[in-house]
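Colleague: I would like to learn how to read a model feature by feature. Can we take the side chains, then the cores, then a pocket?

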Amino acid sequence: MIVTVTANPSIDRTIALAATLTRGAVLRASGSRREPGGKGINVARAVAAAGDDVCALFPAAADDPLVTELIADGLPHACVPVPTEVRTNLTVTEGDGTTTKINLPGTAWTDTTRAQFTELIVSRASGADWVALCGSLPPGVPEDWYVQLIVGLRGLGCRIAVDTSDAPLCALAASFDTAAPHLLKPNGHELAQLVNAPSAVDADDLETRAAAGDLTPALDAAATLHERSGAAVLATLGAAGALLVTDEGAWFGTPPPIEPRSTVGAGDSSLAGYLLADTHGLPPEQRLALAISYGAAAAALPGTQPPQPTMVNPSEVTITTLTSGAA
Ligand SMILES: O=P(O)(O)OC[C@@]1(O)O[C@H](CO)[C@@H](O)[C@@H]1O
(Lines give C-alpha, C1' and ligand atoms only; values in the text may rest on other atoms or scores of the structure.)
Protein backbone atom coordinates (compact mmCIF):
# COMPACT_ATOMS: atom_id res chain seq x y z
CA MET A 1 0.00 0.00 0.00
CA ILE A 2 1.24 3.45 -0.95
CA VAL A 3 -0.23 6.39 0.97
CA THR A 4 0.20 9.86 -0.51
CA VAL A 5 -0.13 13.09 1.43
CA THR A 6 -1.06 16.29 -0.43
CA ALA A 7 -1.26 19.16 2.05
CA ASN A 8 -2.05 21.61 -0.75
CA PRO A 9 -4.20 19.91 -3.42
CA SER A 10 -5.41 21.69 -6.54
CA ILE A 11 -7.57 21.63 -9.58
CA ASP A 12 -5.18 22.10 -12.51
CA ARG A 13 -6.50 24.26 -15.34
CA THR A 14 -4.30 23.93 -18.44
CA ILE A 15 -4.55 26.36 -21.36
CA ALA A 16 -2.85 25.26 -24.58
CA LEU A 17 -1.43 27.91 -26.93
CA ALA A 18 -0.43 26.98 -30.46
CA ALA A 19 1.81 30.06 -30.49
CA THR A 20 4.34 31.52 -28.10
CA LEU A 21 3.29 32.98 -24.75
CA THR A 22 3.72 36.76 -25.12
CA ARG A 23 3.36 39.07 -22.12
CA GLY A 24 0.86 41.89 -22.64
CA ALA A 25 -0.70 40.36 -25.80
CA VAL A 26 -4.21 38.97 -26.40
CA LEU A 27 -3.64 35.29 -27.09
CA ARG A 28 -6.09 32.74 -28.48
CA ALA A 29 -6.01 29.34 -26.80
CA SER A 30 -6.20 26.22 -28.89
CA GLY A 31 -7.76 24.24 -26.07
CA SER A 32 -8.09 23.87 -22.32
CA ARG A 33 -8.29 21.07 -19.78
CA ARG A 34 -9.23 20.74 -16.14
CA GLU A 35 -7.86 17.93 -14.00
CA PRO A 36 -7.36 16.93 -10.38
CA GLY A 37 -3.91 18.06 -9.25
CA GLY A 38 -1.51 18.38 -6.36
CA LYS A 39 1.66 16.33 -6.24
CA GLY A 40 0.52 13.48 -3.98
CA ILE A 41 -2.78 13.16 -5.84
CA ASN A 42 -0.84 12.86 -9.12
CA VAL A 43 1.35 10.13 -7.61
CA ALA A 44 -1.74 8.32 -6.33
CA ARG A 45 -3.49 8.51 -9.71
CA ALA A 46 -0.49 6.94 -11.46
CA VAL A 47 -0.25 4.17 -8.84
CA ALA A 48 -4.00 3.51 -9.06
CA ALA A 49 -3.81 3.37 -12.88
CA ALA A 50 -1.17 0.64 -12.47
CA GLY A 51 -3.66 -1.33 -10.37
CA ASP A 52 -1.69 -1.12 -7.10
CA ASP A 53 -3.09 -0.30 -3.66
CA VAL A 54 -3.02 3.41 -2.90
CA CYS A 55 -4.79 5.98 -0.77
CA ALA A 56 -4.56 9.74 -1.35
CA LEU A 57 -4.90 11.89 1.77
CA PHE A 58 -5.62 15.61 1.48
CA PRO A 59 -7.70 18.38 3.03
CA ALA A 60 -10.92 19.25 1.18
CA ALA A 61 -14.64 19.56 1.88
CA ALA A 62 -16.66 16.44 1.09
CA ASP A 63 -18.55 18.33 -1.65
CA ASP A 64 -15.45 20.01 -3.14
CA PRO A 65 -15.28 19.72 -6.97
CA LEU A 66 -11.88 18.02 -6.57
CA VAL A 67 -13.40 15.29 -4.40
CA THR A 68 -16.28 14.86 -6.85
CA GLU A 69 -13.79 14.35 -9.71
CA LEU A 70 -11.68 11.87 -7.76
CA ILE A 71 -14.79 9.87 -6.78
CA ALA A 72 -15.76 9.77 -10.48
CA ASP A 73 -12.23 8.51 -11.26
CA GLY A 74 -12.49 5.88 -8.52
CA LEU A 75 -9.34 7.06 -6.70
CA PRO A 76 -9.20 5.74 -3.11
CA HIS A 77 -8.84 8.77 -0.84
CA ALA A 78 -9.61 10.22 2.58
CA CYS A 79 -10.00 13.88 3.50
CA VAL A 80 -10.28 16.22 6.44
CA PRO A 81 -12.70 19.12 5.94
CA VAL A 82 -11.63 22.70 5.16
CA PRO A 83 -14.10 25.60 4.80
CA THR A 84 -13.06 26.92 1.36
CA GLU A 85 -12.76 25.42 -2.10
CA VAL A 86 -9.50 23.77 -3.19
CA ARG A 87 -7.25 26.17 -5.17
CA THR A 88 -7.08 26.23 -8.97
CA ASN A 89 -3.56 26.28 -10.42
CA LEU A 90 -3.00 27.56 -13.93
CA THR A 91 -0.73 26.04 -16.58
CA VAL A 92 -0.01 27.52 -20.00
CA THR A 93 1.59 25.18 -22.53
CA GLU A 94 3.09 26.40 -25.81
CA GLY A 95 3.37 24.51 -29.07
CA ASP A 96 6.94 23.40 -28.35
CA GLY A 97 5.96 21.92 -24.97
CA THR A 98 7.24 24.89 -22.91
CA THR A 99 5.20 24.91 -19.71
CA THR A 100 4.48 27.98 -17.55
CA LYS A 101 2.72 27.53 -14.23
CA ILE A 102 1.02 29.86 -11.77
CA ASN A 103 0.14 28.23 -8.45
CA LEU A 104 -2.16 29.83 -5.87
CA PRO A 105 -1.28 29.72 -2.17
CA GLY A 106 -4.12 27.35 -1.27
CA THR A 107 -6.59 27.12 1.59
CA ALA A 108 -5.23 28.26 4.96
CA TRP A 109 -5.30 25.67 7.73
CA THR A 110 -6.60 26.19 11.23
CA ASP A 111 -4.96 24.41 14.16
CA THR A 112 -7.91 21.97 14.03
CA THR A 113 -7.24 21.16 10.34
CA ARG A 114 -3.62 20.48 11.16
CA ALA A 115 -4.44 18.24 14.12
CA GLN A 116 -7.11 16.31 12.18
CA PHE A 117 -4.93 15.87 9.08
CA THR A 118 -1.93 14.75 11.13
CA GLU A 119 -4.13 12.21 12.93
CA LEU A 120 -5.50 10.91 9.61
CA ILE A 121 -2.01 10.47 8.17
CA VAL A 122 -0.68 8.65 11.24
CA SER A 123 -3.71 6.34 11.28
CA ARG A 124 -3.27 5.43 7.57
CA ALA A 125 0.53 5.12 7.72
CA SER A 126 0.54 2.04 9.94
CA GLY A 127 0.82 -0.95 7.62
CA ALA A 128 1.67 1.12 4.53
CA ASP A 129 4.82 0.31 2.51
CA TRP A 130 5.41 3.95 1.69
CA VAL A 131 4.02 7.29 2.79
CA ALA A 132 4.83 9.99 0.22
CA LEU A 133 4.77 13.58 1.51
CA CYS A 134 4.29 15.74 -1.55
CA GLY A 135 4.13 19.39 -2.52
CA SER A 136 3.91 22.81 -0.93
CA LEU A 137 2.34 23.65 2.40
CA PRO A 138 -0.67 26.00 2.48
CA PRO A 139 -0.75 29.26 4.46
CA GLY A 140 -0.80 28.81 8.22
CA VAL A 141 1.20 25.57 8.22
CA PRO A 142 4.59 25.75 9.93
CA GLU A 143 7.50 25.32 7.53
CA ASP A 144 8.74 22.38 9.58
CA TRP A 145 5.42 20.46 9.45
CA TYR A 146 6.96 17.71 7.31
CA VAL A 147 9.77 17.43 9.86
CA GLN A 148 7.25 17.03 12.70
CA LEU A 149 5.31 14.50 10.64
CA ILE A 150 8.39 12.41 9.82
CA VAL A 151 9.31 12.27 13.51
CA GLY A 152 5.78 10.95 14.22
CA LEU A 153 5.86 8.45 11.33
CA ARG A 154 9.35 7.02 11.79
CA GLY A 155 8.30 4.43 14.40
CA LEU A 156 5.35 3.08 12.40
CA GLY A 157 7.25 0.77 10.05
CA CYS A 158 6.39 2.58 6.81
CA ARG A 159 9.03 4.14 4.62
CA ILE A 160 8.79 7.86 3.93
CA ALA A 161 9.34 9.67 0.63
CA VAL A 162 9.45 13.47 0.34
CA ASP A 163 8.99 15.65 -2.72
CA THR A 164 8.72 19.30 -1.71
CA SER A 165 10.48 22.61 -2.38
CA ASP A 166 11.50 25.96 -0.93
CA ALA A 167 10.97 26.62 2.82
CA PRO A 168 9.58 23.16 3.78
CA LEU A 169 12.49 21.55 1.93
CA CYS A 170 15.04 23.78 3.65
CA ALA A 171 13.43 23.02 7.04
CA LEU A 172 13.78 19.32 6.28
CA ALA A 173 17.39 19.69 5.17
CA ALA A 174 18.16 21.35 8.51
CA SER A 175 16.67 18.38 10.42
CA PHE A 176 18.05 15.26 8.73
CA ASP A 177 19.58 14.13 12.04
CA THR A 178 16.12 13.78 13.66
CA ALA A 179 13.77 13.45 10.68
CA ALA A 180 15.48 11.68 7.79
CA PRO A 181 13.13 10.29 5.15
CA HIS A 182 13.95 7.11 3.21
CA LEU A 183 13.66 8.73 -0.22
CA LEU A 184 14.09 12.28 -1.48
CA LYS A 185 12.94 13.28 -4.97
CA PRO A 186 14.39 16.69 -5.82
CA ASN A 187 14.46 18.18 -9.30
CA GLY A 188 17.60 20.02 -10.44
CA HIS A 189 16.55 23.28 -8.80
CA GLU A 190 15.70 21.63 -5.48
CA LEU A 191 18.89 19.58 -5.55
CA ALA A 192 20.92 22.77 -5.89
CA GLN A 193 18.83 24.33 -3.08
CA LEU A 194 19.36 21.33 -0.82
CA VAL A 195 23.13 21.23 -0.97
CA ASN A 196 23.56 25.01 -1.21
CA ALA A 197 25.34 24.60 -4.52
CA PRO A 198 27.42 27.60 -5.48
CA SER A 199 25.31 30.04 -7.51
CA ALA A 200 27.29 29.18 -10.65
CA VAL A 201 25.92 25.66 -10.38
CA ASP A 202 22.25 26.52 -10.33
CA ALA A 203 19.36 24.33 -11.40
CA ASP A 204 19.64 25.08 -15.08
CA ASP A 205 23.33 24.32 -14.97
CA LEU A 206 22.71 20.97 -13.30
CA GLU A 207 20.15 19.97 -15.91
CA THR A 208 21.88 21.56 -18.92
CA ARG A 209 25.22 20.09 -17.99
CA ALA A 210 23.69 16.65 -17.44
CA ALA A 211 22.00 16.91 -20.85
CA ALA A 212 25.40 17.83 -22.36
CA GLY A 213 26.96 14.72 -20.81
CA ASP A 214 28.59 16.44 -17.79
CA LEU A 215 27.00 14.68 -14.83
CA THR A 216 29.61 15.74 -12.29
CA PRO A 217 27.76 18.67 -10.64
CA ALA A 218 24.45 16.81 -10.37
CA LEU A 219 26.11 13.60 -9.17
CA ASP A 220 28.21 15.47 -6.59
CA ALA A 221 25.10 17.23 -5.31
CA ALA A 222 23.01 14.02 -5.18
CA ALA A 223 25.85 12.11 -3.46
CA THR A 224 26.24 14.92 -0.89
CA LEU A 225 22.50 14.87 -0.24
CA HIS A 226 22.53 11.08 0.17
CA GLU A 227 25.46 11.32 2.58
CA ARG A 228 23.83 14.06 4.67
CA SER A 229 20.34 12.53 4.80
CA GLY A 230 20.96 8.79 4.56
CA ALA A 231 18.00 8.77 2.15
CA ALA A 232 18.00 7.33 -1.34
CA VAL A 233 18.07 10.30 -3.72
CA LEU A 234 16.07 10.19 -6.94
CA ALA A 235 17.05 13.43 -8.69
CA THR A 236 14.95 14.20 -11.77
CA LEU A 237 16.85 16.37 -14.26
CA GLY A 238 14.15 17.24 -16.79
CA ALA A 239 14.70 16.02 -20.33
CA ALA A 240 18.27 14.98 -19.41
CA GLY A 241 16.99 12.03 -17.34
CA ALA A 242 17.43 11.19 -13.67
CA LEU A 243 20.02 10.10 -11.13
CA LEU A 244 19.58 7.57 -8.35
CA VAL A 245 22.01 7.47 -5.43
CA THR A 246 21.53 4.83 -2.73
CA ASP A 247 23.73 2.89 -0.29
CA GLU A 248 24.11 0.34 -3.10
CA GLY A 249 25.54 2.73 -5.70
CA ALA A 250 24.71 5.47 -8.17
CA TRP A 251 22.98 5.26 -11.56
CA PHE A 252 22.05 7.68 -14.30
CA GLY A 253 19.28 7.06 -16.79
CA THR A 254 18.22 8.80 -19.96
CA PRO A 255 14.66 8.69 -21.30
CA PRO A 256 13.60 7.68 -24.79
CA PRO A 257 12.96 10.65 -27.12
CA ILE A 258 9.45 12.06 -26.65
CA GLU A 259 7.45 14.98 -27.97
CA PRO A 260 6.77 17.00 -24.80
CA ARG A 261 3.17 18.24 -24.36
CA SER A 262 3.13 19.27 -20.67
CA THR A 263 5.77 18.66 -18.04
CA VAL A 264 3.25 19.20 -15.20
CA GLY A 265 3.17 16.11 -13.03
CA ALA A 266 6.11 14.42 -14.79
CA GLY A 267 8.13 14.42 -11.55
CA ASP A 268 5.13 13.02 -9.67
CA SER A 269 4.80 10.24 -12.21
CA SER A 270 8.51 9.50 -11.82
CA LEU A 271 8.03 9.18 -8.08
CA ALA A 272 5.04 6.88 -8.68
CA GLY A 273 7.16 4.71 -11.01
CA TYR A 274 9.92 4.45 -8.42
CA LEU A 275 7.53 3.53 -5.60
CA LEU A 276 5.72 0.98 -7.79
CA ALA A 277 9.02 -0.65 -8.74
CA ASP A 278 10.17 -0.66 -5.13
CA THR A 279 6.99 -2.24 -3.78
CA HIS A 280 7.38 -4.92 -6.47
CA GLY A 281 10.88 -5.66 -5.15
CA LEU A 282 12.85 -4.44 -8.18
CA PRO A 283 16.57 -3.57 -7.85
CA PRO A 284 17.78 0.07 -7.95
CA GLU A 285 18.55 0.31 -11.66
CA GLN A 286 15.11 -1.04 -12.55
CA ARG A 287 13.49 1.35 -10.05
CA LEU A 288 15.28 4.20 -11.82
CA ALA A 289 14.28 2.93 -15.27
CA LEU A 290 10.61 2.71 -14.28
CA ALA A 291 10.75 6.18 -12.68
CA ILE A 292 12.21 7.71 -15.85
CA SER A 293 9.82 5.85 -18.09
CA TYR A 294 6.81 7.09 -16.07
CA GLY A 295 8.12 10.68 -16.10
CA ALA A 296 8.72 10.64 -19.87
CA ALA A 297 5.26 9.16 -20.53
CA ALA A 298 3.65 11.88 -18.38
CA ALA A 299 5.56 14.68 -20.18
CA ALA A 300 4.25 13.38 -23.52
CA LEU A 301 0.64 13.79 -22.32
CA PRO A 302 -1.28 17.09 -22.24
CA GLY A 303 -2.24 18.71 -18.91
CA THR A 304 -1.74 16.85 -15.63
CA GLN A 305 -2.43 13.33 -16.79
CA PRO A 306 -0.90 10.28 -15.13
CA PRO A 307 0.31 7.70 -17.68
CA GLN A 308 -1.47 4.40 -18.11
CA PRO A 309 0.84 1.38 -17.64
CA THR A 310 0.59 0.61 -21.38
CA MET A 311 2.33 3.95 -22.11
CA VAL A 312 5.33 3.05 -19.95
CA ASN A 313 8.27 1.07 -21.31
CA PRO A 314 11.31 0.95 -19.02
CA SER A 315 13.30 -1.07 -21.56
CA GLU A 316 13.57 2.14 -23.63
CA VAL A 317 15.49 3.85 -20.80
CA THR A 318 19.27 3.72 -20.98
CA ILE A 319 20.81 3.11 -17.55
CA THR A 320 24.48 3.77 -16.79
CA THR A 321 26.01 2.47 -13.56
CA LEU A 322 28.16 5.25 -12.10
CA THR A 323 29.26 3.47 -8.93
CA SER A 324 28.19 0.19 -7.41
CA GLY A 325 28.77 -1.62 -4.13
CA ALA A 326 28.09 -0.49 -0.57
CA ALA A 327 29.02 3.16 0.06
O1 LIG B 1 2.22 24.30 -5.32
P2 LIG B 1 2.85 22.93 -5.20
O3 LIG B 1 2.17 22.11 -4.15
O4 LIG B 1 4.33 22.94 -5.06
O5 LIG B 1 2.61 22.18 -6.58
C6 LIG B 1 1.30 21.98 -7.05
C7 LIG B 1 1.38 21.48 -8.47
O8 LIG B 1 2.05 22.40 -9.33
O9 LIG B 1 2.12 20.27 -8.48
C10 LIG B 1 1.59 19.36 -9.42
C11 LIG B 1 2.63 19.00 -10.43
O12 LIG B 1 3.76 18.46 -9.82
C13 LIG B 1 0.36 20.02 -10.02
O14 LIG B 1 -0.67 19.10 -10.18
C15 LIG B 1 0.02 21.11 -9.06
O16 LIG B 1 -0.66 22.20 -9.66
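Colleague: Is Arg 34 buried, partly exposed or exposed?

Modeller: Keep in mind that this model is predicted. To place a residue, look at its relative accessible area: under 20% is buried, over 50% is exposed. Arg 34 has 39%, so it is partly exposed.

Colleague: Which side chain does Arg 34 meet in a salt bridge?

Modeller: For a salt bridge, check the nitrogen-to-oxygen distance; the cut-off is 4 Å. Arg 34 pairs with Glu 69 at 2.8 Å, N to O. Then ask where the partners sit. Arg 34 is in strand β3 and Glu 69 is in helix α2, residues 65-73. They are 35 residues apart, so the pair links distant parts of the chain.

Colleague: Which residue does Arg 45 pair with, and at what distance?

Modeller: Its partner is Asp 73, with 3.8 Å from N to O. This pair also links distant parts of the chain, 28 residues apart. Arg 45 lies in helix α1, residues 39-49, and Asp 73 in helix α2.

Colleague: Are Arg 45 and Asp 73 buried or exposed?

Modeller: Read each partner separately. Arg 45 is buried, because its relative accessibility is 14%. Asp 73 is partly exposed, at 48%.

Colleague: How many residues separate Arg 114 and Asp 111 in helix α3?

Modeller: Three. Helix α3 covers residues 111-125, and because of that spacing the two are separated by about one helical turn. Their side chains meet in a salt bridge at 3.2 Å, N to O. Arg 114 is partly exposed, at 22% relative accessibility. Asp 111 is exposed, at 59%.

Colleague: How many salt bridges does the whole structure hold?

Modeller: The search finds eight. Look for linked groups as well as pairs. Arg 159, Glu 248, Asp 278 and Arg 287 form a network of salt bridges.

Colleague: Now the cores. Which residues touch the most other members of the largest nonpolar core?

Modeller: A core is read through its best-connected members. Here they are Leu 57, Phe 117, Val 131, Leu 133 and Trp 145, in a core of 52 residues. Helix α4, residues 145-153, gives the most to this core, with six residues. A second, separate core has 41 residues, among them Phe 58, Val 86, Leu 290 and Tyr 294.

Colleague: Which residues is Leu 133 in contact with?

Modeller: Set aside neighbours within four places in sequence. The contacts are then Val 5, Tyr 146, Leu 149, Ile 150, Leu 153, Ile 160, Ala 161, Val 162 and Asp 163.

Colleague: Where is Asn 89, and is it buried or exposed?

Modeller: Asn 89 is in strand β6, residues 87-93. Its relative accessible area is 2%, so Asn 89 is buried. Leaving out residues up to four places away in sequence, Asn 89 touches Ser 10, Ile 11, Asp 12 and Arg 13, and also Lys 101, Ile 102, Asn 103 and Leu 104.

Colleague: Last, the pocket. How much space lies in the second largest pocket?

Modeller: About 220 Å³. Next, see what lines it. There are 17 lining residues, and the closest to the centre are Ala 16, Thr 93, Glu 94, Arg 261 and Pro 302. Strands β2 (10-17) and β3 (29-37) are the elements that give two or more residues. The largest share, four residues, comes from β3.

Colleague: How do the residues of that lining divide by character?

Modeller: Five are nonpolar, eight polar and four charged.

Conventions:
Residues are numbered from 1 along each chain as its sequence is written. This is a predicted model: local features need pLDDT of at least 70, side-chain atom pairs count only at pLDDT 80 or more; totals for chains, interfaces and linings use all residues. Side-chain values use heavy atoms; hydrogens and water are left out. On a 1 Å grid over the protein atoms alone, a cavity is a set of points where a 1.4 Å probe fits but cannot get out, and a pocket is an open set with protein on both sides within 12 Å along at least five of seven lines; lining residues have an atom within 4 Å of a point. Grid points are joined across faces, edges and corners, and a volume is the space filled by probe spheres set on the points. Ala, Val, Leu, Ile, Met, Phe, Trp, Tyr, Cys and Pro count as nonpolar, Asp, Glu, Lys and Arg as charged, and the others, Gly among them, as polar. Buried means under 20% relative accessible area, exposed over 50%, partly exposed in between (1.4 Å probe, protein chains only). A nonpolar core is a set of buried Ala, Val, Leu, Ile, Met, Phe, Trp, Tyr and Cys residues joined through side-chain atoms within 4.5 Å. Contact means heavy atoms within 4.5 Å.
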